[in-house]
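Welcome, and thanks for taking a look at this one with me. Below are some numbered notes to help you find your way around, beginning with one strand and moving outwards from there.

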Amino acid sequence: MNLAAIDIGTNSIHMVIVKVTSGQSYEVLVQEKEMVKLGVGVFANKILSQRAFDAGIETISRYVQLADEYGVEHIITAATSATREAKNGREFLDRLIQDSGLHPQMISGKEEARLIFLAVRKSIDLKKQNAMVIDIGGGSTEVVIGNKDEILFKNSLKLGVLRLLDWVGNEGPLNRTKQTTLRKYIREIALKTMEEASLAGFSKVIGTSGTIRALGEAALEMTDVNIVNSVNAEVVKVKDLEKIVAKLLELPANRRTEVKGINENRVDAIHLGGMLILELLHLSGASEITLSDASLRDGLIIDYIERNRPKLGELVEGKNIKERSSLLMAMRYETDIEEKRHVSKLALQLFDQLHEEHQMNEEAKELLHNACLIYDVGLFVNFQDYQKHSAYLILNGRLRGFNNEERVMLALMARYHRKSGPKKKHKEFHGLPSEDQKLVKGLVGILRIAVGLNKTKNQWVENTQCLMDDENLEIRIFGAAAMDLEIWEAQRFSDVLSKSLSRTVIVVKG
C-alpha cells in the first residue's frame, strides 16, 4: 500500500509518499517541499497572515492531488507550532478538512520530538550509545535523548528561526550588542532543558531539519567535502559552524547566498538559526554534530506502520479499491474489523434472502458491505450521537473508489444505523433522487437489523433465515448462545425494514 505524510511546519510544508513493503520497511516514491513560511509574524501577532493562510491551503491541496495520482490510501497530516499558537490556527485546519478531506493532528512539541527521534533512529546507526537529537524548526526546537531501544528525555523549546526573527524584528545583520542580547535570550530559554538533557547522558549530538542541514552543508563546502545529493551521517565541527555563522551575521539578507550552501529561501533567518544551534551545542559541551536527513514526516510514517503493522497485511488484501479504502478508514478510526466483517456477513445473508422482494442489484450489495465496515467510525470522536460523527467522517473522508453519490449514501447509512431512521427533513437525504432514497431505506433497514444481531459484540448469531408472507417477515436466527439481547435489539430497530418491505418484522430464535 502507498502512504503519504504531510508535515505542516512553521517554515516549510513537506510531503513524502512511500510504498510500504515488508516488515517495517518502506520505499520513498516522492518528496515535496514548499517554504510557505506559515509562521511569519505569528509569534508577534498570534495570527496566520492571509497570504500564508491561502498559500498553505493551496500547497496542501496540491499535495493531496499528487497523492491521489500515486494511489495513496491514507495521508497522515500533522501541524506544528505556528498552527498551535495562531488564533486562526483551528480555522486553518477546519478549512483543510473542508477542502481536502484531511484530518490533521495538531501535535504537541513533545510528540513532535518523539516522532523525529523515531526517524533519526532509522537513519543513523546509534549502536549502543545515547544520542542527543536537536531539530530546529520555524517556531520550536526539539531536544531528545535516546538510543536504539528507548527515549530517555524529550522536550520542546519555544525557539525557532521565525520566532527569533519576530523577536529580533528584522532580517538585517546583527552587531555585537544585538548578538550578545540574542545569545542571552536563547540561553535563558534553553538552559534548564539542556541541563536536564545532560543528566540523561549522551555521547553523540545529531542535528536534523533544513536549517541545521543548510548550515552543515555550508560548513562542509567550506572544508571542500563533496556533497552529491543530501547529507546524512556527515560530521561537522563546531568550529567550522562558528565560521559560517559569523560570516552570515555580517551580511545583509540579499547577500547571504554568497555563502555556498545557503539558498535564497533561507536568507531571512538562517543567521538566527546559526546562533541558535551554536548556543545549544555550547550548552551541551559538544565539539561536533552529526547531520541527519531524518524528518518529522518520516517519523509520522514510521509511527503509523509500527502502530498498524498487525492490520496492514489484511487491509492490503481488500478485494477491490472500495473495500480497501473502507478497511483503511476502519483502521484509521480504530474500529474492530473482525466484528464489522461479522455484521457484514449477517447483513449480506439478509440481503440475499430478501432479494426477490427488494430487487436491489449487486452495486447495492457492495455498498451495504462497505457500510458495515465503517458505520461506527464516529466512536473515535465521541460516543454521544456517534452516528452523526460517522456520517461526517465518511462524507468528508478520503474514501477512494466511491463517487460522490455513493459517499452520500454510505454516510446516510451510518447516520441512520441507530436511533431514528431516514427523514425527509434531513438535508442530505432529502437531496437524493427518489430512487436513491428508496435504496437507502432498504439498505438501512437491513443494516439496522444486522447491527442489532451483534448487540453484545460476541458474534453469537451465526446464521439467519427469512420467511415471508403477505403480512409478516420472520427472521430466524441460529447460534449456540441464548441471544436474547440480540433478538431484543434487532426487533427494536426493525422499524425501517418493516416500512421498506410493508410487512411486520418478527425476530425469533430458530
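1. **A covered strand.** A good place to begin is strand β2, residues 13-20, which is mostly covered: seven of its eight residues are buried. Please keep in mind throughout that this is a predicted model.

2. **The neighbours of β2.** Strand β1 (residues 2-8) runs antiparallel to β2, and seven bridges join the two. To see one of these pairs, find Asp7, whose bridge partner in β2 is His14. The link between the strands is easy to trace, since β1 and β2 form a hairpin with four residues between them. Strand β3 (residues 26-34) also pairs with β2: this pairing is antiparallel and has eight bridges. Here you can look for Ile17, which stands opposite Val30 in β3.

3. **The chain as a whole.** Now step back for the overall picture. The protein chain has 21 helices and 14 strands. Taken along the principal axes, its C-alpha atoms fill a box of roughly 95 × 45 × 40 Å. The chain has 510 residues, and 56% of them count as buried. As for contacts between residues at least 6 apart in sequence, 69% join residues at least 24 apart.

4. **The largest pocket.** Which residues lie closest to the centre of the largest pocket? This pocket has a volume of about 950 Å³, and of the 45 residues that line it, the closest to its centre are His14, Gly210, Arg213, Ser295 and Arg297. You have met His14 already, as the bridge partner of Asp7. Several elements each supply at least two lining residues, namely β2, β3, α5 (109-123), β6 (131-136), α8 (210-222) and α11 (296-316). By class, the lining divides into 12 nonpolar, 21 polar and 12 charged residues.

5. **The second largest pocket.** About 620 Å³ of space lies in this pocket. Its lining has 27 residues, with His103, Gln105, Arg332, Tyr333 and Phe380 nearest the centre. Which element gives the most to this lining? That is α11, with six residues. At least two residues each come from β4 (74-79), α5, α11, α12 (321-332) and α16 (386-396). If you are comparing the two pockets, note that α5 and α11 are among the elements listed for the largest pocket and also among those listed for the second largest. The residue classes here are 13 nonpolar, seven polar and seven charged.

6. **Enclosed spaces.** How many cavities of 30 Å³ or more does a search of the whole structure find? The search finds two. The largest holds about 50 Å³ of space. Its lining is made up of Asn11, Lys37, Val161, Leu162, Thr211, Arg266, Asp268, Ala269 and Ile270, which divide into four nonpolar, two polar and three charged residues.

7. **The other cavity.** The second largest cavity has a volume of about 40 Å³. Around it you will find Lys322, Glu363, Glu366, Leu367, Asn370, Phe402 and Glu406. Helix α15 (residues 362-374) gives the most to this lining, with four residues. By class, the lining has two nonpolar, one polar and four charged residues.

8. **A three-stranded sheet.** Towards the end of the numbering, look for an open sheet of three strands in the order β12-β13-β14, with mixed pairing. Why is one side of β12 and of β14 left without a neighbour in the sheet? Both β12 (463-468) and β14 (504-509) stand at the edges and each has a single partner strand, so one side of each has no neighbour there. From one strand to the next, the twist averages 20°.

9. **Inside that sheet, and across it.** Strand β13 (residues 472-478) runs antiparallel to β12, and six bridges join them. One pair to look for is Asn463 with its bridge partner in β13, Phe478. Finally, helix α13 (residues 337-353) lies across β12 and β13, running at about 25° to β12.

Terms used. Residues numbered from 1 in each chain as written. Predicted model: local features only at pLDDT ≥ 70, side-chain atom pairs only at ≥ 80, totals over all residues. Heavy atoms only, no water. Pairing = 2+ DSSP bridges. Axes fitted to C-alpha atoms, helices over the stretch in contact; angles between N-to-C directions. Contact = heavy atoms within 4.5 Å. 1 Å grid on protein atoms, 1.4 Å probe; cavity = no way out; pocket = protein on both sides within 12 Å on 5 of 7 lines; lining within 4 Å. Points joined across faces, edges and corners; volume = space filled by probe spheres on them. Nonpolar A, V, L, I, M, F, W, Y, C, P; charged D, E, K, R; others polar. Buried < 20%, exposed > 50% of the residue type's maximum accessible area, 1.4 Å probe, protein only.
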